[in-house]
Amino acid sequence: ALGSGSVSAPVQERAGAKEGLRTVKDLPKVGFLKLVYRLLVHGYYNRMHELQLYEKALYGGIFRDGLGTVAVNRAELLEEVLRRDDRFPVRGDMSLWKEYRDTKGIGYGPFTEEGERWYRLRSALNRRMLLPKESVLYGPVIRDVVRDFTHRVQVLRESSPTGDMVQDVANELYRFSLEGIASILFETRIGCLEQQIPEGTQEFINSIVQMFSNSPYVIVMPKWSRPLLPYWRRYNAGWEGIFTFAQRLIDRKLEQIERRVDDREQVQGEYLTYLLSNTDMSLQDVYGSVAELLLAGVDTTSNTLTWALHLLSLNPEAQDRLHREVSQIQPDPPAEEITRLPYLKATIKETLRMYPVVPLNARVFSEKDVVIAGYHFPKKTPFTFHHYAISLDEQTFPAPLSFRPERWLRDGRVLPHPFGSIPFGFGVRGCVGRRIAELEMYMALFQLVRLFEIRPDPSVGEVKSLNRTVLVPDRKLNLHFKQRGD
Ligand code: HEM
């Protein structure tokens, strides 16, 4: 049941084993040096998701991974693990995201908070976000952003040498995603889709880049080296830029709300207004949460859309089918109607199967020992989930490298294993932004596919994926956007 690998260690009684179960020590193990060798010599350091496939072939469904965690890379085993999730699930140590805030008294958000406090925070954040019928509240906001984006695509393609080319599509979609999530979270437009991005917004984007690009260094650096090397300072300067920008917009909103309350006007608004006026979150908590929602909501959505356009450009039949579906309804429908289109939804689902933008996830069970696949694991054992390997498993997904949105259609066919592709995670700690992300992606794709035929640019060559925490293309991706009806 564990796949092609060799989980064949004899059942032994060992210290800590319960009732003759096998223990962690009976699992195949990758030594630390072997891992380092694979990363540096085989060059997997920026393709850790591909290492998942390599190691799965060697060790099978569950093994020790060289970093002291237990790797799981089959749908059935992933289900076994996640069904035992704690009441307040923990992904791992988040102290690097907390330290800047600790010095400034800013609160933690849903990503970093733990235990009861995390639970209370999530309960407040989930409302107005997590249910499909609530997320369509943001339809009108996103529709405006999508309209500006398609306009920008028009301008870019018309000014290109071939008259239909958009260069570096991932960068354009980054602007779209940031504008989209910011317009929901701050209830204001920040100008990412303007010809010239406003200075404050550009500084904010630079700060995000600075925080993320220095984080691999600060993760591995010992604390004593922080004053000696530039990374820690740059990393914190990134956080400072992020919070300065977010705080300014949140404070501005708060003032507006207070003015309206003073004038006895009704306070209406979207997400931020809800957080500021209807929950018992302190202002410091709102700063912390809004910043995290924003950071989690940009690269994920933008890269998924990038991969979707890439895959559609390479699969004209699927694109035609999608085009037929979106052309059957009115050009500018309400969000509810868009979120009901089966092939559109299947296209995003299949994109996230082939390119799970978050290719790796984790859990630590702090409450209890668990038994998985007949092995006993003491509590606090860290588990790592190899989602990339799981969603390319050919037993769950025949022809796993083929883009086949129809796998997901509920038209009477047998659907894949429910844990075969869970790009938004699972359970109470699953992605809080899922419905908003889906809405943004459906609405953007709806318009792009309706207006244009998307074709690859042969000069780009074969596009591969790199792991920068999220899966990104290994080169600038240009696409032709041929006007439909030309
Ligand atoms: C394609 C888009 C997205 C993907 C694939 C994605 C994926 C994920 C995954 C895999 C997790 C971990 C879940 C788990 O551990 O079970 C997660 C958590 C999270 N996501 Fe997303 N996400 C996306 C978009 C967004 C957006 C738009 C937002 C903000 C509005 C967001 C906010 C968050 C937050 C705050 C968490 C942490 C939740 C917690 O720990 O309680 N995500 N996301």
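These are my notebook entries on what I looked up in this structure, which is a predicted model.

**Entry 1: the ligand**

I began with the ligand and asked which residues lie around it. I found 26 residues surrounding the ligand, and the closest are A296, G297, G425, C431 and G433. When I sorted the residues of this shell by character, I noted 14 nonpolar, eight polar and four charged. I then looked up which helices contribute, and found that α12, residues 283-314, and α17, residues 434-451, each supply at least two residues of the shell. The largest share comes from α12, with seven residues.

**Entry 2: C431**

Next I turned to C431, one of the residues closest to the ligand. The record for this chain in UniProt, an unreviewed entry, has the annotation "binding site" covering C431. I located C431 in the loop between α16, residues 387-391, and α17. Is C431 buried or exposed? I recorded C431 as buried, because 20 other C-beta atoms lie within 10 Å, and 20 or more is what the cut-off for buried asks for. Not counting residues up to four places away in sequence, C431 touches F424 and G425, and G425 is itself listed among the residues closest to the ligand.

**Entry 3: helix α11**

I looked up the buried residues of helix α11, residues 271-278, and wrote down Y271, L272, L275 and L276. These residues cover an arc of only 125° around the axis, so they are on the same side of α11. I also asked what covers the buried residues of α11, and the list includes α8 (169-185), α10 (231-262) and α12. Here α12 came up again, having already appeared as the helix with the largest share of the shell around the ligand.

**Entry 4: I348 in helix α15**

I placed I348 in helix α15, residues 342-354. It counts as buried because it has 21 C-beta neighbours inside 10 Å. Which residues is I348 in contact with, leaving aside its neighbours within four places in sequence? I listed T304, A308, E438, M441 and Y442. For one of these contacts, T304, I also noted the spacing: the C-alpha atoms of I348 and T304 are separated by 7.8 Å, although the two residues are 44 residues apart along the chain.

**Entry 5: R120 in helix α5**

For another pair I took R120, which is found in helix α5, residues 115-126. R120 counts as partly exposed, because it has 15 C-beta neighbours inside 10 Å. Between the C-alpha atoms of R120 and A291 the separation is 18 Å, and these two residues are 171 residues apart along the chain.

**Entry 6: strands β5, β8 and β3**

I reminded myself that in a regular strand the side chains alternate between the two faces of the sheet. Strand β5, residues 360-364, shows this alternation: N361 and R363 point to one face and are buried, whereas L360, A362 and V364 point to the other and are not. I then looked for the partner of β5, and found that it pairs with strand β8, residues 382-386, in the antiparallel sense over five bridges. Across this pairing, N361 stands opposite F385, and V364 stands opposite P382. Strand β3, residues 70-72, also runs beside β8, but in the parallel sense, joined to it by three bridges. In that pairing, A71 stands opposite T384 of β8.

**Entry 7: an open sheet**

I traced an open sheet of three strands, with the order β1-β7-β6 and mixed pairing. Its edge strands are β1 (22-23) and β6 (370-372), each of which pairs on one side only. I checked β1 and β7 in particular: they pair in the parallel sense over two bridges, and the bridge partner of R22 in β7 is Y375.

**Entry 8: two residues with positive phi**

I noted first that most residues other than glycine have a negative phi. Where does K380 lie? I found K380 in the loop between β7 (375-377) and β8, with a phi near 75°, a positive value in a residue other than glycine. K380 counts as exposed, because it has 12 C-beta neighbours inside 10 Å. I then found T469 in the loop between β10 (465-468) and β11 (470-473), with a phi near 65°, again a positive value in a residue other than glycine. T469 counts as partly exposed, because it has 15 C-beta neighbours inside 10 Å.

Technical notes. Residues are numbered from 1 along each chain as its sequence is written. This is a predicted model: local features need pLDDT of at least 70, side-chain atom pairs count only at pLDDT 80 or more; totals for chains, interfaces and linings use all residues. A residue is near a molecule or strand if its C-beta atom, placed from the backbone, lies within 6 Å of it. Helices (H or I, at least four residues) and strands (E, at least two) are DSSP runs, numbered from the N terminus. Ala, Val, Leu, Ile, Met, Phe, Trp, Tyr, Cys and Pro count as nonpolar, Asp, Glu, Lys and Arg as charged, and the others, Gly among them, as polar. Two strands pair if DSSP finds at least two bridges between them. The arc is that of the directions from the helix axis to the C-beta atoms. Two residues are in contact if their C-beta atoms, placed from the backbone, lie within 7 Å. UniProt positions are given in the numbering used here, feature names are shortened, and annotations may be inferred rather than shown by experiment.
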